[in-house]
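This report walks through one protein model, from its overall make-up to single residues. Please keep the sequence and the structure open while reading.

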Amino acid sequence: MTAPDPRSRRAIAIPLGMAMATALAFLPNVSASAAPAAPAADSVPLLSAEANSLSYVVNVRPGYGTSSYVKKAITKAGGTIVTSYDRIGVIVVHSSNADFAKTIRKVHGVESAGATRTAPLPAQSTTDVGTPKVLTAKQAASVEAEAGQDPLEPLQWDLPAIKADKAHEKSLGSRDVTVAVIDTGVDDTHPDIAPNFDRDASVNCVSGKPDTADGAWRPSASESPHGTHVAGEIAAAKNGVGVTGVAPGVKVSGIKVSNPDGFFYTEAVVCGFMWAAEHGVDVTNNSYYTDPWYFNCKNDPDQKALVEAVTRASRYAEKKGAVNVAAAGNENYDLAADEITDPVSPNDSTPSDRVIDPSECLDIPTQLPGVVTVASTGAKGIKSSFSNHGLGVIDIAAPGGDSTAYQTPAPPATSGLILGPVPGGKWGYMAGTSMASPHVAGVAALIKSTHPHAPAALVKALLYAEADATPCTDPYDIDGDGKIDAVCEGGKNRNGFYGWGIADALDAVSK
């Protein structure tokens, strides 16, 4: 996802086929700015009845339909129920009453409630996020693939980094396994994605309520290519076209949860997990954080409700068999530190610096119980310059790319970034923990293919046990300026940079 403002946002890897100044904006000691795109001449905001409304989640006791008493209380407080997820006790409500949450929290049967945003519901998007610069036909034609490789596979240094190339000699994964990309939408017409796309498990969840219209899961031309790139990293078909995914024999679905402005709000994320849970998804990939708070503090009643709602949904998905994989973030934060300064929240209105305790203020879904938290590595196999880290927080690591100035890949690869599909039948480079997470999701899909009856807990246990233990990089001076850029804690078998180690696709199909 790419928000229509210059602030870097955590789980959205910059489309690293764009102009290099923009592409490297998230990397240390590189400055660049992206001005908001000018509205198109005909994109005049439309007023609506919800122009001053906010969206809320109201959490009640799970397992029962919403009581008539709570329904009446919601209406009396000025709320309109959009949908309810009775199995987890989460109700999505719109209200223009500024005191709605405060009022409804006092109602018997309501366990928590909070606004999912700090700015009114948008009537219409008025900005364009732009499109990435992609590989030209000339660049693509210059790549010399070996027998058995897809045409652009020689540029994918990330596949041998996790032994995926060797794994493919044994198995490409099972058609009975589906990975859901909970993201900005997936272009299922892309030739690298179409052969493996699972339409039945795809949906648009942006409103918090499933939209099953054909193609609703696709990004529009003005929306981010992020989800399409992620989907291709996981399951781009080995079909003689473009690139190869980590698990090119499994199916992939698109669950669109970001709105046209690029925000991932709680009601959409809840809908995404619930849809995955009810549609037989085996793995979910979550390369985002739930807006508008980078960290959600449980001592704030609104933020507490958001944590509770997404926790219920992600746990329900795991209970139904899904392994939930999430990106750790791109700010080089130590998520195990006593405190972190969060300068970007709330990112949909007016952010301000606030000092938070990351053990009490959570990045969701990344830091939720049961979620596989993924750090990023570069072409040299060490932590990416931008990747968040933290002992006891990071579970596993995988290639997410890094500046070629810091970690240069071996030839014939030419970029330290990750190559993948982008909408319109093209391919481009991106980087971030957003790109590391789908590598792990792909390995989890290979494990599920090898052990089709394994529950989510066993798939995760095998994922960690089969990872290649990687000791701390100490000292970690990624730019070589003589200053320590991050401190890794822990031993070889589990530490704050690499968790249990770097994901291993070969073991996933061999053990």
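The sections below start with the whole chain and then turn to selected sites.

## Overall make-up

This is a predicted model. The protein has twelve helices and 17 strands. Its chain holds 511 residues, and buried residues make up 58% of them. Contacts often bridge distant parts of the sequence: among those between residues at least 6 apart, 75% join residues at least 24 apart.

## Helices α7 and α10

Helix α7 covers residues 226-235, and helix α10 covers residues 433-450. Their axes come within 8 Å of each other. They cross at roughly 35°. The crossing of α7 past α10 is right-handed.

Which residues make the contact? From α7 come H226, H229, V230, E233 and I234. They meet S434, M435, P438, H439, A441 and G442 in α10. By class, this contact has five nonpolar, five polar and one charged residues.

## The annotated active site

An unreviewed UniProt entry carries the annotation "active site" for D183, H226 and S434. These residues span 252 residues in sequence, yet no two of their C-alpha atoms are more than 10.2 Å apart, so they gather at one spot.

Two of the annotated residues sit in the helix pair described above. H226 belongs to helix α7, and S434 to helix α10. Both also appear in the contact between these helices. Are they buried or exposed? H226 has a relative accessible area of 0%, so it is buried. S434 is also at 0% relative accessibility and therefore counts as buried. Their side chains are joined by a polar contact of 3.0 Å.

## V241, after helix α7

V241 lies in the loop between α7 and β7, a strand of residues 251-256. Its relative accessibility is 27%, so V241 counts as partly exposed.

What does V241 touch, leaving aside neighbours within four places in sequence? The contacts are D150, P151, P191, D192 and W427. P151 is 90 residues from V241 in sequence. In space, the two C-alpha atoms are 6.1 Å apart.

## N204 and its backbone partners

N204 lies in strand β6, which runs over residues 203-204. Its relative accessible area is 13%; the cut-off for buried is under 20%, so N204 is buried.

The side chain of N204 has two backbone partners to look at. It reaches the backbone nitrogen of V206 at 2.9 Å. A polar atom of the N204 side chain also lies 3.0 Å from the backbone oxygen of A216. Not counting residues up to four places away in sequence, N204 touches K209, P210, D211, A216, W217 and K256. A216 thus appears in this contact list and as the residue whose backbone oxygen lies by the N204 side chain.

## Cis peptide bonds

Where do cis peptide bonds join an aspartate to a proline? One joins D291 and P292, with omega of about 5°. P292 is found in the loop between β8 (283-286) and β9 (296-297).

Another cis peptide bond joins D474 and P475. Here too omega is about 5°. P475 lies in the loop between α11 (456-466) and α12 (505-510).

## Positive phi outside glycine

K163 is not a glycine, but its phi is positive, near 60°. K163 is placed in the loop between α5 (158-161) and α6 (164-167). At 30% relative accessibility, K163 counts as partly exposed.

N332 is another residue with a positive phi, about 60°, although it is not a glycine. The loop that holds N332 runs between β10 (323-327) and β11 (340-342). N332 has a relative accessible area of 23%, so it is partly exposed.

Terms used: Residues numbered from 1 in each chain as written. Predicted model: local features only at pLDDT ≥ 70, side-chain atom pairs only at ≥ 80, totals over all residues. Heavy atoms only, no water. Axes fitted to C-alpha atoms, helices over the stretch in contact; angles between N-to-C directions. Helix = DSSP H or I, 4+ residues; strand = E, 2+ residues; numbered from the N terminus. Left-handed = near helix turned anticlockwise from the far one by under 90°. Contact = heavy atoms within 4.5 Å. Nonpolar A, V, L, I, M, F, W, Y, C, P; charged D, E, K, R; others polar. UniProt positions renumbered as here; feature names shortened; annotations may be inferred. Buried < 20%, exposed > 50% of the residue type's maximum accessible area, 1.4 Å probe, protein only. Polar contact = N/O pair within 3.5 Å; in protein donor to acceptor, adjacent residues only side chain to side chain.
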